[in-house]
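Hi everyone, thanks for coming along. I'd like to walk you through a structure that may be new to you, so please have a look at it with me.

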Amino acid sequence: MRFEQNLCYCNPAHGGWGIIRVAALIPGSYLLFVCPSACFRHGALGAIQHHYKDRISYLYIDQSDIVEGYDQEILDGVDELLERTEKDIHLLFIYVSCLDDFIGTDMEKVTSILGKRYPDILFRAGHMNPIASSTKMPPAVTTFDAMLSVLPVWEKRDNGVTIWGNFVGIPQDNELIRVLSQNGHPVRQISSCNSFSDYEEMSRSGKSIVIKPFVRYALSRLEQRTGAAHVEMPISYDMDAVSQEYQDLFAFLGEDFSQEMENDRFLCEQAIHFAREEVADVPIFVSDSATVFPLALAVALLRYGFHVTRVYLSEVVGPDQKYADILLADYPQVEIIQGDHPDSVFRSETESIALAVGEEAAYLSHARYVADISSDEGLFGYQGIRILMDTIRLAMREKADIRKLIDEYGGIV
């Protein structure tokens, strides 16, 4: 399996979480983008779609600014923004565009000056540089680092557990949240923060759970300051993998809640059985718009007895390499397709009698049925598997309207 590193095709179903939606999760945050006027049209439209338009401003620069530098323009622009806005801003992100990677604006100096000028506001620099997406420090990683850098070091940490990497909250009735809460461990998630002070409480927890790989860098830097520790529990749809992750968590906490989760596993097994009966032998296409680890999901579905025939993804992320090897060795009939390859623009115009898990697989394959799962949102553990199976089962009951699904989810921003 070899993916070509060349021109990429971004299809209309390529939605999800970009730097705007992630940074805007912090209550009281505001984003200022410093860029040429044509640079952020997509972002502006996406911000409108996702209802973040009142959290963003733009400072447009011209050719003379690019030649001469625009440090002072940023300072003046922030002055004007704070003078005109009625927003109660606690944290202001100042994003420069990818051309600044060549210009080299001293953003540390700029934010330092602003911090002294406005001591009640925190300022953090960010880089809107898609060209770095294939490097070890893509915008998602650097943005999350900026977000965590504002968290305070508490004199005393508590018995809480903070979950990092999920943008949509894991439901309160999930087995993980339930057993932790019932056994004296307050659970903190960024989606539950209603104020900036709530967000600051995220670093009060003595322990954390990492469920997505892009948070590791920022969390390691935060833990150097706070002394907290974390356990990694990547999202999985394999029951045995989930069980092992819970055993790792219990060892990490020094407490065993296995018996309190026995019924959750049983309900999960039931959901898999009912979904498999509903889908029967209909081919399944999986895409990385549904989950960060699409190859792992494909292997889990195959082992449950589903007829997975195709996986669409842009790159193999970390632990997914293991499952790429499993697919190539044990399930060679499964196609692994580079979803952002330029040839993908010539998508099938003939409807496939298949079930797509994720909007991108649905769009590229023209699948009749679609399990509307995006970015693992709200899914974790046994409950996450159960929700996925219920979604798959219900998806088989009617033809999907992929245009409607794309419109409802909106573009990546």
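I'll go through a sheet, two helices and one arginine, in that order. Keep in mind that this is a predicted model.

Let's begin with the sheet. Five strands make up an open sheet, running in the order S11-S10-S9-S12-S13, and their pairing is parallel. Which strands stand at the edges? They are S11 and strand S13, residues 367-371; each has a single partner strand, so one side of each has no neighbour in the sheet. On average, neighbouring strands here are turned by 25 degrees against each other, if we ignore direction.

Now look at the S13 end. Strand S12, residues 352-357, pairs with S13 in the parallel sense, over four bridges. Leu355, for instance, has Tyr369 in S13 as its bridge partner. Packed on the sheet there is helix H16, residues 381-395, which touches S12 and S13. The direction of H16 makes about 150 degrees with that of S13.

At the other edge we meet helix H14, residues 320-330. Its buried residues are Asp320, Tyr323, Ala324, Ile326 and Leu327. They span an arc of only 160 degrees around the axis, which puts them on the same side of H14. As a reminder, an α-helix has 3.6 residues a turn, so residues three or four places apart point the same way. And what do the buried residues of H14 pack against? Their partners are helix H13, 294-304, and the edge strand S11, 335-338. The face of H14 turned away from that buried side carries Lys322 and Ala329, which are exposed.

Helix H10, residues 216-226, can be read in a similar way. Here Ala218, Leu219, Leu222, Glu223 and Thr226 are buried. Down the axis of H10 they fall within an arc of 130 degrees, so they line one face of the helix. Among the elements covering them are helix H7 (139-148) and the strands S5 (158-164), S7 (205-210) and S8 (229-232). Just after H10 comes Gly227, with a positive phi of about 80 degrees.

Last stop: Arg188, in strand S6, residues 187-188. Is Arg188 buried or exposed? It is buried, with a relative accessible area of 15%. The side chains of Arg188 and Ser205 are joined by a polar contact of 2.7 Å. Beyond its neighbours within four places in sequence, Arg188 is also in contact with residues including Asp158, Thr162, Glu201 and Met202.

That's the tour, and I'm happy to go back to any part of it.

Technical notes
Residues are numbered from 1 along each chain as its sequence is written. This is a predicted model: local features need pLDDT of at least 70, side-chain atom pairs count only at pLDDT 80 or more; totals for chains, interfaces and linings use all residues. Side-chain values use heavy atoms; hydrogens and water are left out. Buried means under 20% relative accessible area, exposed over 50%, partly exposed in between (1.4 Å probe, protein chains only). Helices (H or I, at least four residues) and strands (E, at least two) are DSSP runs, numbered from the N terminus. The arc is that of the directions from the helix axis to the C-beta atoms. Contact means heavy atoms within 4.5 Å. Two strands pair if DSSP finds at least two bridges between them. Axes are lines fitted to C-alpha atoms, for helices over the stretch in contact, and angles run from 0 to 180 degrees between N-to-C directions. A polar contact is a pair of N or O atoms within 3.5 Å; within protein, one must be able to donate a hydrogen and the other to accept it, and residues adjacent in sequence count only if both atoms are side-chain atoms.
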